[in-house]
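Subject: Structure handover

Hello,

The structure is below for you to load. My notes on what was found in it follow.

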Amino acid sequence: MRKFNSVFALAAGVALSFGLAQMPVMAATADTTATTTAGTHHQDHVWRVGCDAAFAPFTYTDEKGQLIGFDVDLIKAIGAEMGYTIDMKGYPFDGIIPTLITNNIDMIISGFTISPERAERVDFSDPYYRCGLTFLTLKKNADKFSTFDDIAKAKICVQIGTTGALFLQKTLKNPDMRQFNTPPETYLELQNGGCEVVVNDRPVNDFFLAQSPENKKNVVSKDIDIAQNEYYGIAIAKGNTELLKLVNEGLKRVIDNGKFAEISNKWFGYDITDDLKAHSAEAAAALAGVGSGK
């Protein structure tokens, strides 16, 4: 059973609990290091990193407005291994790829799922997290929406631009989808009765449920079995092979030296390294598939 670290309590403004539902979503912050300068480039040994600043527990803001999360710690560790500091900023999720393509950032890390559609526009690092989709519904509706097939006619809330939204559009015929900028907005809409189901990445939904006893009391999570083997990667501009090699080497080093396990235990309460390695062949196939346009 997963054990969540007490640091999750910091995210009350991000993963809305039913008891604190009226708290505002915190805005994206500037950078994560006071020593970096806006507009610097990776050739100056600074990596400009873009993220979604409301995607807990991977990238989100604490009560002081600072970017924190698994991905924040990971990219800092990768940068440190390769001799780079990190200038990290939050952007609207649906505009983050254009921000990369126009060279305003060097890379994206934010629970960013490797997919064929995205691979047409960006290159991906080696996978670093195995993910999947789940849906949430109120416990009073648990019998009505007990399987993925049951939600075909439901009012569904998703985050705009996510693989969850794309999956629903591909899999369901004319889904009744309401799209929001951040996951916390989807949870608030579920609470207020504006939707019957929320579809997000499993760790994001899990994080929400872990925030308060009220969340677990009122909401139930269900796996979407046909979408359980997605992988997160770091996105880099097409053709930037030099930077891609640096990132992949840094990722390999932090896995080999145990830093990856340390970060994993901090944010998830357990080490995800074994799971990633156990599915390494599948992860490699997923990356090769998008690389060849499949």
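Strands here are DSSP runs of E, at least two residues, numbered from the N terminus. The model is predicted, and I start with one of its strands.

Phe124 lies in strand β7, which spans residues 122–124. Phe124 counts as buried because its relative accessible area is 7%, under the 20% cut-off. Leaving aside residues up to four places away in sequence, Phe124 touches Phe112, Thr113, Ile114, Ser115, Arg118, Ala119, Gly233, Ile234, Ala235, Leu244 and Leu287. One of these contacts, Phe112, is 12 residues apart from Phe124 along the chain, with 9.5 Å between the two C-alpha atoms.

Next, the helix packing. Helix α1 (residues 70–82) and helix α8 (residues 241–256) have axes that come within 8 Å and cross at roughly 105 degrees. The class for 65 to 115 degrees is roughly perpendicular, so α1 is roughly perpendicular to α8. On the α1 side the contact is made by Leu74, Ala77, Ile78, Glu81 and Met82; on the α8 side, by Leu246, Val247, Glu249, Gly250, Leu251, Arg253 and Val254. By type, the residues of this contact are eight nonpolar, one polar and three charged.

On the nonpolar cores: the largest has 53 residues, and Trp47, Phe70, Tyr128 and Phe260 have the most contacts inside it. Helix α1 gives the most to this core, with seven residues. As for Phe260, its contacts beyond four places in sequence are Phe70, Leu74, Tyr128, Leu251, Val254, Ile255, Ile272, Thr273 and Leu276. There is also a second, separate core of 17 residues, which includes Leu133, Ile156, Phe167 and Ile224.

Phe167 also appears in helix α4 (residues 163–171), where Thr163, Gly164, Ala165, Phe167 and Leu168 are buried. What covers these buried residues of α4 includes α3 (116–119) and the strands β9 (133–138), β10 (155–159), β11 (176–180), β12 (197–201) and β14 (230–232).

Last, the cysteines. How many disulfides does the count come to? Zero, by the rule that two cysteine sulfur atoms must be within 2.5 Å. Cys51 is buried, because its relative accessible area is 0%, and Cys195 is buried too, because its value is 4%; both are judged against the 20% cut-off.

Regards

Definitions and conventions. Residues are numbered from 1 along each chain as its sequence is written. This is a predicted model: local features need pLDDT of at least 70, side-chain atom pairs count only at pLDDT 80 or more; totals for chains, interfaces and linings use all residues. Side-chain values use heavy atoms; hydrogens and water are left out. Axes are lines fitted to C-alpha atoms, for helices over the stretch in contact, and angles run from 0 to 180 degrees between N-to-C directions. Helices (H or I, at least four residues) and strands (E, at least two) are DSSP runs, numbered from the N terminus. Angles under 35 degrees count as roughly parallel, over 145 as roughly antiparallel, 65 to 115 as roughly perpendicular and the rest as oblique. Contact means heavy atoms within 4.5 Å. Ala, Val, Leu, Ile, Met, Phe, Trp, Tyr, Cys and Pro count as nonpolar, Asp, Glu, Lys and Arg as charged, and the others, Gly among them, as polar. Buried means under 20% relative accessible area, exposed over 50%, partly exposed in between (1.4 Å probe, protein chains only). A nonpolar core is a set of buried Ala, Val, Leu, Ile, Met, Phe, Trp, Tyr and Cys residues joined through side-chain atoms within 4.5 Å.
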